[in-house]
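Here are a few notes to read alongside the model. I have kept them short, and they begin with the terms.

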Amino acid sequence: HDLLAIQSYNALEDSYSLYPHSLQSLDDMCASIVRSHRETSQYRVEELQVLRWKLYSREEIQVYQSKSVDEMWQHCASRLTDAVQYVVEFAKQIPGFRTLSQNDQIALLKTGSMEVVLVRMSRFFNAENNSVFFDGKFAGVEVFKSLACGDLITAVFDFAHGMCALKLSEQQIALFSALVLINADRPCLEDRGRVQRAQRSLEFGLRHILHRDNQESLMHKLNQRMAVLRSLCSLHMEKLQWFSQHYPLTAHILFPPLYKELFA
Ligand code: CLR
């Protein structure tokens, strides 16, 4: 698997973080996840804040809209793949992830990496004018017109809007992202028990920071968001199948290998 190069990283003994016994180790686990999130999130929130005024002009939107379907798909698939690569980096640093078998790591990434990209999208989203940071400027839904999957784009933008409304802190986003990835309900897991133990300690961690922030009611809302994420990702897979049927050559030859490996 070109995907992970998992073999190359240092399999540290991290069982202590799998079973946080004390408040101290729970704090440590949360801190390390927050650090990994920060290191792999491409842009800091403050940086994105100052870029908010950068919107695409009429002419620039025209350029995107006049691209052919397969040209625009190829472009977006490669942007998405960049984002997925950072999520893979993040995953590798989650306590407990690297102690899973390679098969289980890949199974979790196949279903979870796109979901985490969508969670992260809320950081790159301006809910005031419904635009997302894409290729260096903020883009509305119209920029993605030539993909010919308006329903998916609308659903993705709605999701980002809903996430923004929760006004999550970076710590909360980090723990939530980890929990989206480490999910014992995913298909094709060899050692479900191990994933479940990791999931439980992450849940514990998220509860802990929500409690500290006095926002325990968010837990329920975040669980609801998880259900929406699943439906978005199956819609993404449906669109990808549609695209591969109509443009088999682009999908086969020009899509990034990682994109194919995870989603095809
Ligand atoms: C998500 C957060 C990442 C940075 C990032 C990179 C690419 C962006 C993505 C974010 C959000 C979703 C996005 C994507 C490029 C194309 C995709 C705007 C901001 C849209 C929804 C089109 C999807 C088309 C597929 C069906 C191919 O850290």
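1. Helices (H or I, at least four residues) and strands (E, at least two) are DSSP runs, numbered from the N terminus. With that in hand, α5 gives the most to the shell around the ligand, namely five residues. At least two shell residues come from each of α5 (69-92), α6 (102-121), β2 (131-134) and α7 (150-165).

2. A word on the source: this is a predicted model, where local features need pLDDT of at least 70 and side-chain atom pairs count only at pLDDT 80 or more, while totals for chains, interfaces and linings use all residues. Residues are numbered from 1 along each chain as its sequence is written, and side-chain values use heavy atoms, with hydrogens and water left out.

3. Around the ligand there are 19 residues (a residue is near if one of its heavy atoms lies within 4 Å). The closest are Gln 42, Trp 73, Phe 124, Leu 147 and Leu 152. Of these, Gln 42 places a polar side-chain atom 2.8 Å from a ligand oxygen atom. The protein buries 96% of the 610 Å² that the ligand exposes when taken alone (Shrake-Rupley, 1.4 Å probe).

4. What is the make-up of the shell around the ligand by class? You will find 15 nonpolar, two polar and two charged residues there. Here Ala, Val, Leu, Ile, Met, Phe, Trp, Tyr, Cys and Pro count as nonpolar, Asp, Glu, Lys and Arg as charged, and the others, Gly among them, as polar.

5. Finally, the overall fold: the chain has twelve helices and three strands. Its C-alpha atoms fill a box of roughly 55 × 40 × 30 Å, taken along the principal axes.

Notes
A polar contact is a pair of N or O atoms within 3.5 Å; within protein, one must be able to donate a hydrogen and the other to accept it, and residues adjacent in sequence count only if both atoms are side-chain atoms.
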